[in-house]
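Biologist: I'm new to this one, so could you pick a single part and take me through it closely? I'd like to know what sits around it and how it is held in place among its neighbours.

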Amino acid sequence: MKKKEEKTNVMRVLDQKKIQYKSYCYADSGVVSGADVAAVLKQNPDQVFKTLVTTGNSGSHYVFLVPVCRELNLKKAARAACEKNIRMLPSKELLPLTGYIHGGCSPIGMKKQFPTVIDASAMSFDTILFSGGRIGYQVEVSVAELKKAFPFQLGEITD
């Protein structure tokens, strides 16, 4: 008998919203860095995105999705969020704020939906991959379908 696929909250949200996706589990591989995840999944690292949570000068929080092989440009991110400055959220504040731990943070299913910007490079691909909401899980979704899951804007936010 085939073992039933384990679903994360992200996958349940995507199912509920009738969004087509492909899921990947690499939990047994032991990899944690985004570039290593892309390699294990045999995916283009430009197509695999990491979820970063930030805080603006106003105290508001923002979520940015950037390719794992690139870095978030904080000045560009601040412009995209209409903030004077933005800083990365300290890891210890991630779980209480989002419900996710470092390495398993997804833009889908956070405790509260924060303004989200996806790097414009995502439009170069039919689909992008990002955290499935738990370390060792990724989901692949078309950018067009993501609009059904949460509101976001596209922006030039990487170096």
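Modeller: Let's get the naming straight: helices here are DSSP runs of H or I with at least four residues, strands are runs of E with at least two, and both are numbered from the N terminus. Also keep in mind that this is a predicted model. With that naming, Lys84 falls in the loop between helix 3 (74–80) and strand 4 (86–88). Lys84 has a relative accessible area of 71%, so it counts as exposed, the cut-off being over 50%. Leaving out residues up to four places away in sequence, Lys84 touches Asn57 and Ala78. Ser58 is 26 residues from Lys84 in sequence, yet their C-alpha atoms are 8.5 Å apart.

That's one exposed spot; the part I'd like to dwell on is strand 7 (137–142). Six of its six residues are buried, so strand 7 is largely enclosed by the rest of the structure. Side chains in a regular strand alternate between the two faces of the sheet. On one side of strand 7 you'll find Tyr137, Val139 and Val141, and on the other Gln138, Glu140 and Ser142, and both sides are covered.

So what does strand 7 pair with? One partner is strand 1, which runs antiparallel to strand 7 and is joined to it by four bridges. If you want a spot to look at, find Ser23, which stands opposite Val139. Another partner is strand 6, also antiparallel to strand 7, this time with five bridges. Here Ser131 stands opposite Gln138. Strands 6 and 7 make a hairpin with five residues between them, and in the turn Gly133 takes a positive phi of about 95°.

Now bring in helix 1, whose residues 9–16 include the buried Val10, Met11, Val13 and Leu14. These four cover an arc of only 160° around the axis, which puts them on the same side of helix 1. An α-helix has 3.6 residues a turn, so residues three or four places apart point the same way. As for what that buried set packs against, strand 7 is on the list, together with strand 1 (22–25), strand 6 (127–131) and helix 5 (143–149). In other words, helix 1 packs against strand 7 as well as against both of the pairing partners just described.

Just after helix 1 comes Lys18, with a positive phi of about 55°. Tyr21 is in the loop that leads from helix 1 to strand 1. Its contacts, apart from neighbours within four places in sequence, include Met11, Leu14 and Asp15 in one stretch, and Val139, Glu140 and Val141 in another. That second group belongs to strand 7, so with the first group Tyr21 touches residues of helix 1 and of strand 7. Lys7 is also in contact with Tyr21, although their C-alpha atoms are 12 Å apart.

For contrast, look at strand 5 (residues 116–119), where both faces are covered too: Thr116 and Ile118 are buried on one side, and Val117 and Asp119 on the other. Strand 5 pairs in the parallel sense with strand 3 (residues 61–67) over three bridges, and Val63 stands opposite Thr116 there. Strand 8 (residues 153–155) also runs parallel to strand 5, with three bridges, and Gln153 stands opposite Val117.

Note on methods: Residues numbered from 1 in each chain as written. Predicted model: local features only at pLDDT ≥ 70, side-chain atom pairs only at ≥ 80, totals over all residues. Heavy atoms only, no water. Buried < 20%, exposed > 50% of the residue type's maximum accessible area, 1.4 Å probe, protein only. Pairing = 2+ DSSP bridges. Arc of directions from axis to C-beta. Contact = heavy atoms within 4.5 Å.
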